[in-house]
Amino acid sequence: MSLGSGLAFTAAAAAGGGLATAPYARAEDGISAGTGRAAAPKVEVTPTDSRYADLTSGNNLRWKASPDKIVLPRTTGDVIAAVREAVAGGKRLSVCGGGHCFEDFVFNADIRININMSLMNAVTFDTAMNAFRVEGGATLLDVYEALYEGWGVTIPAGICHSVGVGGHVTGGGYGNLSRQYGLTVDHLHAVEVVVVDAAGTVKSVVAARDSADAALRDLFWAHTGGGGGSFGVVTAFWFRTPGATGAPANLLPKAPSKIFLTLAGWPWEKVTQEGFARLVDYWGTWLEKNNTPGTTAGSLYSWLMLNHRDSGSLGAVVQLDASLPDAASVLSDFLAGMDQALGLSSATTRHDGVLDSQYTSTRLMPWLRGTKYIGAISPTQLDPTTRGSHKSAHLRRPMPRRQIDAMYTHLTSTDRPSTLTGIVLSASGGRIASVSSTATAVAQRDAIMKVNFESRWYGAADDARNTGWVRKAFSAVYADTGGVPVPNDVTDGCYINYPDGDLADPAYNTSSVPWHDLYWKQNYKRLQQVKRTWDPGNVFRHKQSVRLP
């Protein structure tokens, strides 16, 4: 069973001028932020160091770098020093958090200094900010464990818990609680960012949702979906749900006490083309009809794994807060509908109030345990030795039959791509759609699903076959709109956290819609203005970073 992860390289956005609360204004003097204790020195790794090979690539081994050094900072001051060195020497830099970037934004031949944020991973409550502070190198599991075990709260973030918060948050952040609680950035309160001004001065600033200065508010906004690597280096995030007051345990969503977690698997040998089409249509139509925020059905989250036939089966993962009204019956009906769409009705058994068939298995378990489990059920999710190719789409309505048939054709092809190849549909909508398309940098608020075309494999000799499959399948599905999912009444562009360099290549994008409008639509012009204000020298850049206007 293959699951799509999310972009998580922690080269994040920018900041500038203004609001810096006292615990964070001393970054350059070697004091660990907010503690008053002297921090251990930063780590620098050069090519002769035994650690070098481990730090020059991420989870996609297609992309590698050979920098002069890797800097592992422990404080914001360390980050400032590393950026200052790069600027003074005219050296290209990149920033890495979790290492899950699907493209070569972090690891490529031009990089001379890489800032690896992994040692800055603390999660604390900041009384001065009245918000939870998460350092830029934390992983999602760091955050889940600290927030839940310390205060019983969480943020609605990704399924793959080894993903770094830096890239995940700055790209918007989707996960299994998003239909119930919204995107990760809907609970973001502030960011601390190291930026470089027009004179080459390197500094850190704090930009908050409620900053008095308009430029700082714009900088904050750019971090709510503008993607990583365009504006500066995020060293800390603060989380507090807008309008929340009181004790820390009231400032973020309560994590469910228990969740229903269902795994489904249907043998390809029992799937006909009509059954496949009915399943995909049922899944999308159900999301469209059950999209009301605050309802039980509007909180159900599902992943539909349309794996290549050579893998042996199709699959699904479904999660639902077990405390919601009629949760067991809502889940039972949804699961039965998928079996029936495939024409695979069978005897059912009841587990914890949920009706399972021979193709589904539901467990009732505590939320944190379930979160750890769901992130590890696919070995490839956490496998650091794979190579990969990915493409994405947002959909506003159920997929048209022509597109479903194109998917079926490529999922049943005989060209023998990796068995870790397929198309992953993930739910959207619900609470996500309650926020306007311009309130954050995430423009696709009314989408009901995301689509991830993906292949993972192990050897460089298989690169062409597997990247070729992904390209052909994607181009065929969106052949009517120039090979890409242009924004219209059905499709709504692409997801920046599943970046795709082909979108900027006229050989693969023959539409009139440029790559940046596929990611950000009408929000791109504002992102460009933020870029001009906070990174006028274009210090922070990669092949799909926000361009200067």
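This tour moves through a predicted model, from a sheet to a helix pair and then to selected salt bridges.

**The five-stranded sheet**

Begin by selecting strands E5, E6, E9, E7 and E8, which form an open sheet in that order with antiparallel pairing. The edges of the sheet are E5 and E8 (202-208), each of which pairs on one side only. Direction ignored, neighbouring strands here are turned by 25° against each other on average.

Next, restrict the view to E5 (residues 123-126) and E6, an antiparallel pair held over four bridges. Within this pairing, Val123 has Val134 of E6 as its bridge partner. The two strands form a hairpin with four residues between them, and Asn130 in the turn shows a positive phi of about 55°.

Keep E6 (residues 131-135) selected and add a surface: is this strand mostly covered or not? Five of its five residues are buried, so by the cut-off of under 20% relative accessible area E6 counts as mostly covered. On to E9 (residues 233-239), which runs antiparallel to E6 and is joined to it by four bridges. In this pairing, Glu135 stands opposite Ala236 of E9.

At the other end of the strand order, select E7 and E8, which pair in the antiparallel sense over seven bridges. Val193 can be found opposite Val205 of E8. Then add helix H5 (residues 214-222), which lies across E7 and E8 and runs at about 85° to E8.

**The helix pair H6 and H7**

Select residues 273-289 for H6 and residues 327-342 for H7; the helices pack at an angle of about 155°, and their axes are 7 Å apart. Since angles over 145 degrees count as roughly antiparallel, H6 is roughly antiparallel to H7.

To display the contact, show side chains on both helices. H6 contributes Gly275, Phe276, Arg278, Leu279, Tyr282, Trp283 and Trp286, while H7 contributes Val330, Asp333, Phe334, Gly337, Met338, Ala341 and Leu342. By class, the residues of this contact divide into ten nonpolar, two polar and two charged.

**Salt bridges**

Side chains of opposite charge can pair when their charged atoms come close. The count for this model comes to 28 salt bridges, and three of them are visited below.

Select Lys69 and Glu85 first; their closest N and O atoms are 3.1 Å apart. Lys69 belongs to strand E2 (residues 69-72) and Glu85 to helix H1 (residues 76-89), and the two positions are 16 residues apart. Lys69 is buried at a relative accessible area of 14%, whereas Glu85 is partly exposed at 30%. Add Lys42 and Glu44 to the selection: salt bridges that share partners join these two residues with Lys69 and Glu85 into one network.

Move next to Glu103 and Lys543, whose side chains meet in a salt bridge of 3.1 Å, N to O. Glu103 lies in the loop between strands E3 (93-96) and E4 (113-116), and Lys543 in the segment after helix H12 (524-534), so this pair ties together parts that are 440 residues apart in sequence. Glu103 is buried at 11% relative accessibility, while Lys543, with 37%, is partly exposed.

Finish at Asp186 and Arg445, which form a salt bridge of 2.7 Å, N to O. Asp186 lies in the loop between helix H4 (178-181) and strand E7 (188-196), and Arg445 in the loop between strands E17 (420-427) and E18 (449-457), so parts that are 259 residues apart in sequence are tied together by this pair. Both Asp186 and Arg445 are buried.

Key
Residues are numbered from 1 along each chain as its sequence is written. This is a predicted model: local features need pLDDT of at least 70, side-chain atom pairs count only at pLDDT 80 or more; totals for chains, interfaces and linings use all residues. Side-chain values use heavy atoms; hydrogens and water are left out. Axes are lines fitted to C-alpha atoms, for helices over the stretch in contact, and angles run from 0 to 180 degrees between N-to-C directions. Angles under 35 degrees count as roughly parallel, over 145 as roughly antiparallel, 65 to 115 as roughly perpendicular and the rest as oblique. Contact means heavy atoms within 4.5 Å. Ala, Val, Leu, Ile, Met, Phe, Trp, Tyr, Cys and Pro count as nonpolar, Asp, Glu, Lys and Arg as charged, and the others, Gly among them, as polar. Buried means under 20% relative accessible area, exposed over 50%, partly exposed in between (1.4 Å probe, protein chains only). Two strands pair if DSSP finds at least two bridges between them. A salt bridge is a side-chain nitrogen of Lys or Arg within 4 Å of a carboxyl oxygen of Asp or Glu.
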